[in-house]
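The following exercises concern the structure shown below. Each task is followed by a solution that proceeds step by step.

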Amino acid sequence: MLDNLSIKDLTSDTPALIAVIMLVLLALTALVGPFLMHYDPLVMDLNSLKQPPGGAHLLGTDSKGRDILSRVVYGSHISLAVGVIASALSLGIGIFFGLIAGYSGGKVDAFFLQIFDIFLAFPSLLLAIGISAVMPAGLTSTMLAITLVGWAGFARLVRGITLSLKEQTYVEASRALGASPARIVYRHILPNALPLILVAGSLRVGGFILLEAALSFLGLGVQPPTPTWGSMISLNRAYINSAPWMVIFPGLAISITVISFNILGDFLRDKLDPRMRV
Amino acid sequence: MAFYILKRILLFIPTLLGITLITFILMQSLPGDPVQGMAGERANPETIARIRAELGQDRPLPLQYIGYLKLLATGELGRSYYTNRKIADDLRQKFPNTFKLALTAMLFASIVGIGLGVFAAVRRGTNWDTLVTLLSVGGISIPVFWLGLALMLVFAFYLQWLPPSGMGNGGFSYLILPAATLGTFSLSYIVRVTRSSMLETLSQPYVAAARAKGLSETTVVLKHALKNSLIPVITLIGLDLGSYLNGAVLTETIFGWDGLGRYALDGILKRDYPVIMGVVLFGAVVFVTMNLLVDISYHFLDPRVRVRGEEA
């Protein structure tokens with residue numbers, strides 16, 4: 001199914017193309033942007049407090065005189081890293097348990113399904129708050145919290161796909177030939193499930209980035225002075241009326257990133273999910 | 001059918017136990033020693049041992065968990081470290097405010113969302129359709145707390161149409177901005193589902209038949225197509241309560257709304273762990289209970305669901 005996807009599909013879909021370009025630019029910003037910045041994101045400059053955008057500080061400065069452009073660029077690092085790593089981890093865990101549950105069936109399946117449902121019973125942000133509140137705040141605890149919140153959804157999805165794939169004739173044929181369950185799952189089920197898993201993963205990255213931003217906003221994420229988009233909004237929200245740029249730019253950065261991931265996810269779903277084809 | 005409902009309720013019990021097990025484990029893995037915190041820095045070992053025994057913390061973990069369940073069974077959630085008030089009492093006091101906010105947000109999301117979804121479906125392929133679709137992607141991508149601040153900036157500070165924050169003795173004008181903020185995420189999903197469901201219905205033969213009878217387009221769309229497109233939309237609205245509980249924490253923080261969310265934030269800021277876990281547990285129980293009720297009511301309302309449910 002992955003072969004169906006071509007560069008031409010992408011170039012003929014304007015929003016998806018723009019989203020991909022934005023994501024490439026964001027990745028570049030996160031990787032090399034910090035080296036190009038004129039101002040240190042942590043240095044407070046008492047002579048240029050609350051400068052509006054324009055002039056020496058392109059996006060202005062915050063209440064402590066720190067350059068907002070520089071802080072937004074540094075913040076991209078954390079948002080993207082958390083979003084991508086947490087997605088990869090929760091996908092990995094979700095695929096592992098989803099395959100076991102779906103392929104085993106019976107009591108094993110019922111047991112795992114119950115575990116997945118318990119994790120899915122929590123509203124996502126509340127569970128993430130509960131988990132990150134009991135750990136020392138920081139990058140690791142944020143990623144762990146988001147992973148623990150996200151894995152069960154993937155597991156449930158993979159389980160469902162596995163249930164339907166294991167009834168396929170080619171799986172039956174392989175079983176008749178004496179292939180081990182591990183080989184069947186790895187060689188036959190996983191490759192066929194992969195496009196759908198990829199779609200689900202790409203649709204979820206945006207949500208994970210929003211979750212990271214929300215945790216940072218609530219003071220449970222990566223701690224100051226390290227700039228994150230969520231904490232920049234939280235620290236400056238008292239100035240929303242007098243100096244709105246302090247809040248507007250980090251929020252724009254989050255929105256543009258998440259919109260790009262969501263548009264890309266929609267595009268992949270339209271192309272890769274056969275159920276969406278009419 | 002009675003069998004199905006019984007089965008759902010029986011399956012509900014392990015879920016509830018699992019939820020309490022998770023919050024119990026989280027409470028056990030707290031940093032620092034809460035007893036030390038309660039007794040103070042210079043408390044002597046006897047005092048600490050006494051408090052520990054009072055709290056039951058000298059018992060083995062499984063017994064502590066059973067004690068925790070017994071406490072929950074009486075409708076209690078423990079006490080706040082700081083105010084020493086019963087958390088269950090605090091929740092009872094705050095929940096109505098959150099409920100009022102969430103209900104208004106849900107109404108807003110449903111009405112505007114279904115309206116925009118139908119509009120986009122009827123104008124399929126036009127620029128209006130593209131615009132609505134892009135707005136709905138935007139709605140699930142913008143952080144709730146930032147949207148709230150942006151709405152506050154425009155409508156409260158620039159235009160000065162609405163109060164920026166607070167609850168103002170329950171005046172409706174105070175409810176508008178928080179409700180719009182909280183509802184936008186759900187609204188965007190409602191738009192998407194309504195649109196695709198409407199498109200499917202509009203291509204059905206009976207819609208063509210209604211048109212062929214010479215009914216006006218408005219009648220066809222609103223009376224024939226919309227009614228049959230709403231089932232997935234209503235399911236979505238019923239099951240989306242989780243997004244309101246998540247959003248409430250952020251929205252209430254922004255707008256100074258005195259509900260569960262702000263109570264949770266106070267708990268987070270003071271590291272008042274029983275309060276945080278109380279809200280997490282309460283939110284999860286409300287969420288799963290609502291899902292169960294939605295599920296069961298579908299069984300009564302929609303014969304198609306009934307057949308599928310009994311096959312499973």
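**Exercise 1: Positive phi in chain B**

Task: Determine whether B:R271 is buried, exposed or partly exposed, and state where B:R271 lies.

Solution. Step 1: B:R271 has 17 other C-beta atoms within 10 Å, and therefore counts as partly exposed. The class follows from the cut-offs: 20 or more other C-beta atoms within 10 Å make a residue buried, 12 or fewer make it exposed, and counts in between make it partly exposed, with C-beta atoms placed from the backbone.

Step 2: B:R271 is found in the loop between α12 (260-270) and α13 (273-301) of chain B. Helices (H or I, at least four residues) and strands (E, at least two) are DSSP runs, numbered from the N terminus.

Step 3: The phi of B:R271 is near 55°, a positive value in a residue other than glycine. As background, most residues other than glycine have a negative phi, and most peptide bonds are trans.

Step 4: B:Q160 also has a phi near 55°, positive in a residue other than glycine. B:Q160 belongs to the loop between α7 (144-158) and α8 of chain B. With 9 other C-beta atoms within 10 Å, B:Q160 is exposed.

Before continuing, note the conventions. The model is predicted, so local features need pLDDT of at least 70 and side-chain atom pairs count only at pLDDT 80 or more, while totals for chains, interfaces and linings use all residues. Residues are numbered from 1 along each chain as its sequence is written, and chains are lettered from A and ligands numbered from 1 in the order in which they are written.

**Exercise 2: The two chains**

Task: Describe the secondary structure, extent and burial of chain A and of chain B.

Solution. Step 1: Chain A has 10 helices and zero strands. Chain B has 14 helices and zero strands.

Step 2: Along the principal axes, the C-alpha atoms of chain A fill a box of roughly 75 × 45 × 30 Å. For the C-alpha atoms of chain B, the box is roughly 90 × 60 × 30 Å.

Step 3: In chain A, 51% of the 278 residues count as buried. In chain B, buried residues make up 36% of the 312 residues.

**Exercise 3: The interface**

Task: How many residues of each chain are in contact across the interface, and which helices of chain A supply them?

Solution. Step 1: The interface brings 37 residues of chain A into contact with 40 residues of chain B. Two residues are in contact if their C-beta atoms, placed from the backbone, lie within 7 Å.

Step 2: On the side of chain A that touches chain B, at least two residues each come from α4 (106-120), α5 (124-133), α8 (181-217) and α10 (245-272).

Step 3: By class, that side of chain A comprises 26 nonpolar, nine polar and two charged residues. Here Ala, Val, Leu, Ile, Met, Phe, Trp, Tyr, Cys and Pro count as nonpolar, Asp, Glu, Lys and Arg as charged, and the others, Gly among them, as polar.

Step 4: One contact between the chains pairs α5(A) with helix α11 (residues 241-255) of chain B; their axes come within 7 Å and cross at roughly 50°. Axes are lines fitted to C-alpha atoms, for helices over the stretch in contact, and angles run from 0 to 180 degrees between N-to-C directions. The crossing angle therefore makes α5(A) oblique to α11(B) (under 35 degrees is roughly parallel, over 145 roughly antiparallel, 65 to 115 roughly perpendicular, and the rest oblique).

Step 5: A:S124, A:L125 and A:L126 of α5(A) make this contact with B:G242, B:L245, B:N246 and B:V249 of α11(B). The residues of the contact are four nonpolar, three polar and no charged.

**Exercise 4: The nonpolar core**

Task: Which residues have the most contacts inside the largest nonpolar core?

Solution. Step 1: The largest nonpolar core has 159 residues, and those with the most contacts inside it are A:A128, A:I129, A:A214, B:I276 and B:V280. Such a core is a set of buried Ala, Val, Leu, Ile, Met, Phe, Trp, Tyr and Cys residues joined through C-beta atoms within 7 Å.

Step 2: α8(A) contributes the largest share of this core, 16 residues.

Step 3: Beyond its neighbours within four places in sequence, A:A128 is in contact with A:A145, A:I146, A:V149, A:L211 and A:L215.
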